[in-house]
Amino acid sequence: MCCALSPRLRTMTPPIHDLAVVGAGIVGLAVAREWMSRRPADSVAVLEREAEAACHQTGHNSGVVHGGIYYQPGSLKARLCVEGARSMYEYCEHHSIRHERCGKLIVAVSSDELGRLDDLEARGIANAVPGLRRIRADEITEIEPNAAGLQALHAPNTGIVDYPAVARTLVGELTARGVDVRFGTAVDAIDAASPPVVHTAAGPVWAHTVIACAGLWADRLARRAGAARDPQIVPFRGGYLGLTRTRQPRLNGMIYPVPDPELPFLGVHITKHVTGDVTLGPTAMMVAARDAYSLRRFSWRDSWETLSWPGTWRVGRRYWRVGLGEIRMAASRRAFVAAAARYMPSLSLDDLDGTSHAGVRAQAVGRDGALVDDFVISRDGAVAHVRNAPSPAATSAFALARELVDRVTGTP
Ligand SMILES: Cc1cc2nc3c(=O)[nH]c(=O)nc-3n(C[C@H](O)[C@H](O)[C@H](O)COP(=O)(O)OP(=O)(O)OC[C@H]3O[C@@H](n4cnc5c(N)ncnc54)[C@H](O)[C@@H]3O)c2cc1C
């Protein structure tokens with residue numbers, strides 16, 4: 001608790017919660033759990049606009065438990081991904097949630113990618129990624145018989161998990177501990193008063209501490225609470241294509257390309273899922289709506305916010321070539337398959353099973369056109385906002401929750 005209200009006032013109706021969390025994605029739910037594990041007697045509410053948990057990024061991602069290779073040493077992502085992966089596996093083991101440490105390869109297919117593979121290896125070592133190893137061409141095919149490349153990084157601790165199942169389990173756990181998880185409750189604004197007030201269509205909710213984990217709408221909520229517009233969320237759609245099932249498994253784990261170091265996206269990869277399905281993707285295309293699960297989805301408001309943001313135009317000027325490539329992949333399955341055939345040469349259009357789906361990334365873009373890479377948390381008194389929690393925030397959710405609760409409670 002952070003403000004000095006008398007015990008009498010605390011027991012008056014309407015109740016003042018100790019904590020209100022906005023958003024029942026994996027980050028918001030993990031925050032509520034972390035709080036309850038430290039202060040089991042506290043009153044906590046989770047306010048979610050949708051009718052269930054994990055309706056946005058948490059339920060529309062690659063399902064990968066990342067190892068922590070890519071991230072700038074010393075960054076929040078580097079620390080929280082490695083810690084978070086450990087916690088995610090423990091949570092899944094404890095609650096019997098489907099997961100598998102199937103490992104992943106990052107494959108260099110041309111000599112100019114070898115230097116970038118060196119940089120990734122150095123980052124992975126600095127970030128203490130468990131079991132990370134540089135391997136030769138013949139070792140690539142030992143691990144993944146259908147892959148081909150010059151050299152690769154093998155991360156055996158990278159895995160796959162059912163994130164919506166993690167979110168559902170968290171909801172069950174929170175409800176059982178007395179947390180008031182309210183679905184269908186859209187938060188219109190947060191007033192950072194003392195105590196803070198969370199305004200919803202169903203009326204105000206008071207809480208001594210508010211933590212907003214609103215994903216694709218994080219900037220909007222932060223702005224309404226008086227925070228700066230910078231950075232703004234720009235939606236990037238990630239499309240996936242399904243591959244047919246084969247008698248011999250097409251792959252044992254995951255295969256990734258060497259990513260463009262300028263971009264926060266990892267490139268089109270081939271991923272197996274806990275269901276046994278295998279997908280190609282995701283692409284990374286700027287779109288006209290924050291919920292553009294269909295390419296036809298358009299929102300005037302989202303488009304206006306994206307187009308009126310100077311950072312968007314700077315991103316466009318800097319990465320227009322990359323953007324054209326993404327549009328090409330969205331328009332042509334042949335181009336999409338070709339991206340993955342670079343490291344799995346046997347792959348062809350005939351391997352597609354005709355299914356597709358998509359997720360939308362909440363990517364914070366700075367006024368200067370920077371694609372903000374690290375997690376960003378802002379705070380105004382007793383109100384904290386998660387302003388940027390892109391991949392690997394699902395992997396990192398439990399560690400990110402510890403970080404958030406440490407920051408708002410002032411504990412190390
Ligand atoms: C295509 C794609 C692939 C990815 N792959 C991976 C991966 O393999 N591994 C990984 O670790 N990460 C991955 N990520 C990233 C990961 O999914 C996200 O970082 C993570 O899910 C973020 O969780 P969150 O709780 O912050 O956001 P979300 O899951 O988006 O949840 C935010 C919640 O807030 C709610 N909300 C928003 N505004 C309001 C409001 N005003 N009132 C009430 N509720 C509100 C929303 O309805 C939503 O439920 C991927 C993301 C995408 C899009």
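The expected span of a helix is taken as 1.5 Å times one less than its number of residues. In this predicted model, helix α2, which covers residues 26–38, has 13 residues and reaches 18 Å from its first C-alpha to its last. This span is close to the 18 Å expected at 1.5 Å a residue. Helix α3 was treated in the same manner: with 20 residues, α3 reaches 27 Å between its first and last C-alpha, close to an expected 28 Å. The residue that follows α3 is Ser96, whose phi is positive, near 50 degrees.

Helix α2 is mostly covered, with ten of its 13 residues buried. The N-terminal part of the buried set comprises Ile26, Val27, Gly28, Leu29, Ala30, Val31 and Ala32; Glu34, Trp35 and Met36 are also buried. The partners against which the buried residues of α2 pack include the strands β1 (16–22), β2 (44–47) and β12 (203–212). Helices are also among the partners, namely α3 (76–95), α6 (163–176) and α11 (393–409). Helix α3, described above for its span of 27 Å, is thus one of the elements packed against the buried residues of α2.

The count of disulfides is zero. A disulfide requires a pair of cysteine sulfur atoms within 2.5 Å. For Cys102, the closest cysteine sulfur is that of Cys92, at 13 Å, which is too far for a bond. For Cys213, the closest cysteine sulfur lies in Cys55, at 16 Å, and a bond is ruled out because this distance is too far. Both cysteines fall under the 20% limit of relative accessible area that defines a buried residue: Cys102 counts as buried because its relative accessibility is 14%, and Cys213 because its value is 10%.

The second largest pocket has a volume of about 640 Å³. It is lined by 25 residues, of which Gly267, Val268, Glu326, Met329 and Ala339 are the closest to its centre. The elements giving two or more residues to this lining are α4 (112–126), α9 (310–331) and α10 (333–341). Among the contributing elements, α9 gives the most, with six residues. By class, the lining of the second largest pocket has 15 nonpolar residues, seven charged residues and three polar residues.

Notes. Residues numbered from 1 in each chain as written. Predicted model: local features only at pLDDT ≥ 70, side-chain atom pairs only at ≥ 80, totals over all residues. Heavy atoms only, no water. Helix = DSSP H or I, 4+ residues; strand = E, 2+ residues; numbered from the N terminus. Buried < 20%, exposed > 50% of the residue type's maximum accessible area, 1.4 Å probe, protein only. Contact = heavy atoms within 4.5 Å. 1 Å grid on protein atoms, 1.4 Å probe; cavity = no way out; pocket = protein on both sides within 12 Å on 5 of 7 lines; lining within 4 Å. Points joined across faces, edges and corners; volume = space filled by probe spheres on them. Nonpolar A, V, L, I, M, F, W, Y, C, P; charged D, E, K, R; others polar.
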